[in-house]
Amino acid sequence: MCFLVYTCRGLKGGGFLIPTKSRVITWNLTKYVGNEVLWSFVSGTTIFLCILLMFQAIRLSEFIVIHQVAIQDVARISLYLMLSFMPIAIPIAFLFSVLMGISRANSEGEILALQVNGISLAQIYSPLFMFSIVVTGLCLYTALWTVPQGNRSFELMISKLRNERVMSALKPGVFMEGFYGLVVFAEHIVPVKNEMKRVFIYDEREEKHPIFISAQSGLLRNPSDKGVLTLRLSNGTIHLDHRQAGGVQQLIDFKVYDINLDIGGDSGEGWIGYSPPSYTYPQLKQRLHETLHDIPIHRSLLVEFHRRFALSFSCIVFSALGFAIATLSTRGIRSTAVILCLAVALVYWLAYVSANALAMSGLVPVWLGIWSPNFLFTLVAWYCYKRYKGA
């Protein structure tokens with residue numbers, strides 16, 4: 001009632017401009033709705049990003065304890081993970097902010113006061129709809145450019161750390177096969193420094209010319225992002241074994257000898273090939289054109305293309321759904337906004353995963369499968385709105 005008196009006073013003094021039926025949206029109404037959802041959206045995004053990152057806590061602690069990765073590298077990994085969570089966290093946080101803000105205004109009678117002053121629900125929702133378009137644009141930008149770049153950096157960093165700490169898998173005094181195509185034996189290993197002492201290596205990558213190498217020390221180096229590691233051996237000998245009948249055996253002494261270990265990946269692409277989530281928008285469009293002849297790969301890329309847009313536009317769907325649910329409840333749902341938000345997000349995610357599986361299998365067109373959860377939840381929001389109007 002106090003709010004109603006205040007708004008009526010504003011009509012006379014001009015301190016708070018109340019829109020009439022002839023004005024769909026005004027600055028004061030936009031500021032009022034924005035204040036209700038903005039800070040909840042910012043805090044909700046931070047909270048949901050932290051929650052999603054907590055699910056990776058065991059994996060991150062493994063890098064520190066087992067692989068002995070530096071704290072600053074773990075912090076960079078956490079940052080890249082948070083970037084990859086943005087397309088999921090932003091829509092959920094926006095739904096949370098709408099539920100919190102509108103349910104508070106509804107529970108305290110402010111929505112009713114606005115309606116008494118001649119402001120319809122459509123007018124109240126209009127600023128929220130404009131805000132949802134802005135959030136959709138932000139989410140779409142991150143999905144098309146920022147997230148792929150962060151995901152690519154994450155893949156490269158994980159691969160780099162894995163190869164830098166590869167010696168942690170070796171055991172001193174034990175022959176190990178399959179070390180990038182080599183058989184390796186070392187009496188002493190220092191995993192932190194990627195260093196070995198008194199090393200014996202059998203290299204049979206060239207079947208006709210196998211070699212035996214013994215060295216006083218070996219150091220695994222990562223000189224550049226060219227898809228290779230270098231095993232630098234010091235103070236040793238190389239035994240060349242010619243398997244042809246009557247072949248001459250050779251013995252070569254060396255001070256420094258480098259063995260290049262192929263770890264996959266082409267020059268220019270870093271350590272590993274691109275995964276679909278790592279393509280930026282131009283790269284994804286190019287790959288879609290290049291894979292027209294390969295139906296399975298083309299379909300998976302097309303799913304990734306529609307997924308980015310569908311998740312981004314879910315912000316608009318969630319704004320309508322959250323507004324309809326918050327206004328439909330006569331008592332307000334502020335105390336249970338988090339639980340309801342997570343419940344809606346869970347149902348949406350289950351629907352999305354099911355639709356994604358149908359699209360990947362080819363049983364339905366890709367666009368229909370990926371966008372069907374948005375269509376479904378839009379119908380639910382429309383049903384809640386019509387039910388409120390009929391009450």
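Where in H8 is the kink centred, and of about how many degrees is it?

**View 1. The kink and the span of helix H8 in the predicted model.** In this predicted model, helix H8 has a kink of about 30°, and Cys315 is the residue on which it is centred. The 34 residues of H8 should span 50 Å at 1.5 Å a residue, and because the C-alpha atoms at the two ends lie 46 Å apart, the expected and modelled values agree.

**View 2. The largest nonpolar core.** This core comprises 61 residues, and those with the most contacts inside it are Ile77, Phe94, Leu128 and Phe323. At least two residues of the core are supplied by each of the helices H2 (27-54), H3 (57-65), H4 (71-107), H5 (110-116), H6 (121-164), H8 (295-328), H9 (337-361) and H10 (366-390). Helix H4 provides the largest share of the core, with 18 residues.

**View 3. The surroundings of Phe323.** When neighbours within four places in sequence are left aside, Phe323 is in contact with Val98 and Ile102, and also with Leu121, Ile124, Tyr125 and Leu128. Of these residues, Leu128 is, like Phe323 itself, among those with the most contacts inside the largest core.

**View 4. A second nonpolar core.** Separate from the largest core, a second one holds 21 residues, including Met196, Ile213, Leu231 and Phe254.

**View 5. Arg104 and its polar contact with Glu108.** Arg104, which belongs to helix H4, counts as buried because its relative accessibility is 13%, where buried means under 20%. The side chain of Arg104 is joined to that of Glu108 by a polar contact of 2.7 Å.

Technical notes
Residues are numbered from 1 along each chain as its sequence is written. This is a predicted model: local features need pLDDT of at least 70, side-chain atom pairs count only at pLDDT 80 or more; totals for chains, interfaces and linings use all residues. Side-chain values use heavy atoms; hydrogens and water are left out. A nonpolar core is a set of buried Ala, Val, Leu, Ile, Met, Phe, Trp, Tyr and Cys residues joined through side-chain atoms within 4.5 Å. Buried means under 20% relative accessible area, exposed over 50%, partly exposed in between (1.4 Å probe, protein chains only). Helices (H or I, at least four residues) and strands (E, at least two) are DSSP runs, numbered from the N terminus. Contact means heavy atoms within 4.5 Å. The expected span of a helix is 1.5 Å times one less than its number of residues. The bend at a residue is the angle between axes fitted to the seven residues ending there and the seven starting there. A polar contact is a pair of N or O atoms within 3.5 Å; within protein, one must be able to donate a hydrogen and the other to accept it, and residues adjacent in sequence count only if both atoms are side-chain atoms.
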